[in-house]
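Q: Please take one part of this model and walk me through it slowly, as you would for someone in a first year of study. I would like to understand what lies beside that part and how it fits with the rest.

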Amino acid sequence: MACLVATGSKWRRRAAAVAVVAVLASAAPAAALQRDGPVFRPPVEAPVADPFRPPEDRYGPGNRGIEYDTVPGQVVRAAAAGTVSFAGAVAGSLYVTVDHGGGVVSSYSFLMRMSVRTGARVDKGRVIGVAGDRLHFGVRVDGSYVDPAGFIGVRRTRVRLVPVGP
């Protein structure tokens, strides 16, 4: 690319544009770059109380999803279309898990009520339940928890512009 930059200002602008596009593309979540996975919507309209914090090891402390500060009775919607692979109680709390295909699964935890059953097909935005005091929203790709924010459009990007001389 250096030889193109040296040949004129038109080529310098094109090279700079390519560099900026390359930086922006590298900032996208790895899971989104590796597959044509679903684009999620937030499951609730509520502030984030606790963001994704990956554990240092498989059994270590952390937050394997996003914890929303919901109001009891608040509607919870499917983040993307898929098939309900689990809807039921675990240790006294209600959970819904949706399989979106391609190894992508989302989970909705600590529900007050569920509106779907295992095996049901859900569209993006369909009501799947009602939240309690909080909602935990998790995403797994091929069995590993990933930051759900990368699937719902929240991206943090640092762009550094480099001067290209006269």
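A: Two strands are said to pair if DSSP finds at least two bridges between them, and strands themselves are runs that DSSP assigns, numbered from the N terminus. With that in mind, let us look closely at strand β8 (127-141), remembering throughout that the model is a predicted one.

We can begin with the setting. The chain holds 3 helices and 9 strands, and reading along the sequence one meets the pattern α-α-α-β-β-β-β-β-β-β-β-β. Of its 166 residues, 34% count as buried, a word that here stands for a relative accessible area under 20%. Strand β8 is mostly covered, since 11 of its 15 residues are buried.

The next step is to ask what lies beside the strand. One neighbour is β2 (66-68), which runs antiparallel to β8 and is joined to it by 3 bridges; within this pair, Y68 stands opposite L135 of β8. Another is strand β3, made of residues 75-77, which also pairs with β8 in the antiparallel sense, over 3 bridges, and there V75 has V130 of β8 as its bridge partner.

Strand β6 (104-114) is a further partner, and here 9 bridges link two strands that run antiparallel. Two positions let you follow this pairing by eye: M114 has G129 in β8 as its bridge partner, while S109 stands opposite H136 of β8. Strand β6 in turn pairs with β5 in the antiparallel sense, over 7 bridges, and T97 has S107 in β6 as its bridge partner. Between β5 and β6 there are 2 residues, so that the two strands form a hairpin, and G102 in the turn has a positive phi of about 65 degrees.

Following β8 onward along the chain, one comes to strand β9, residues 144-146, which pairs with β8 in the antiparallel sense over 3 bridges. In this pair V141 stands opposite S144 of β9. The strands β8 and β9 form a hairpin with 2 residues between them, and the turn includes D142, whose phi is positive at about 50 degrees.

Having placed the neighbours, we can turn to the side chains. The largest nonpolar core has 27 residues, and those that touch the most other members are F40, Y68, V76, V96, Y108 and I128. The elements giving two or more residues to this core are β2, β4 (82-90), β5 (93-101), β6 and β8, and among these β8 gives the most, with 6 residues. Residue V96 is a good place to see how such contacts gather: leaving aside residues up to four places away in sequence, V96 touches V84, F86, A87, S106, S107, Y108, L111, M114, V116 and I128.

Finally, it helps to step back to the whole chain. Among contacts with a separation of 6 or more, those between residues 24 or more positions apart account for 62%. The chain exposes about 9900 Å², with carbon and sulfur atoms supplying 56% of that area, whereas β8, where we began, is mostly covered.

Methods
Residues numbered from 1 in each chain as written. Predicted model: local features only at pLDDT ≥ 70, side-chain atom pairs only at ≥ 80, totals over all residues. Heavy atoms only, no water. Core = buried A, V, L, I, M, F, W, Y, C linked by side-chain atoms within 4.5 Å. Buried < 20%, exposed > 50% of the residue type's maximum accessible area, 1.4 Å probe, protein only. Helix = DSSP H or I, 4+ residues; strand = E, 2+ residues; numbered from the N terminus. Contact = heavy atoms within 4.5 Å. Areas by Shrake-Rupley, 256 points an atom, 1.4 Å probe, with all protein chains shown as cover.
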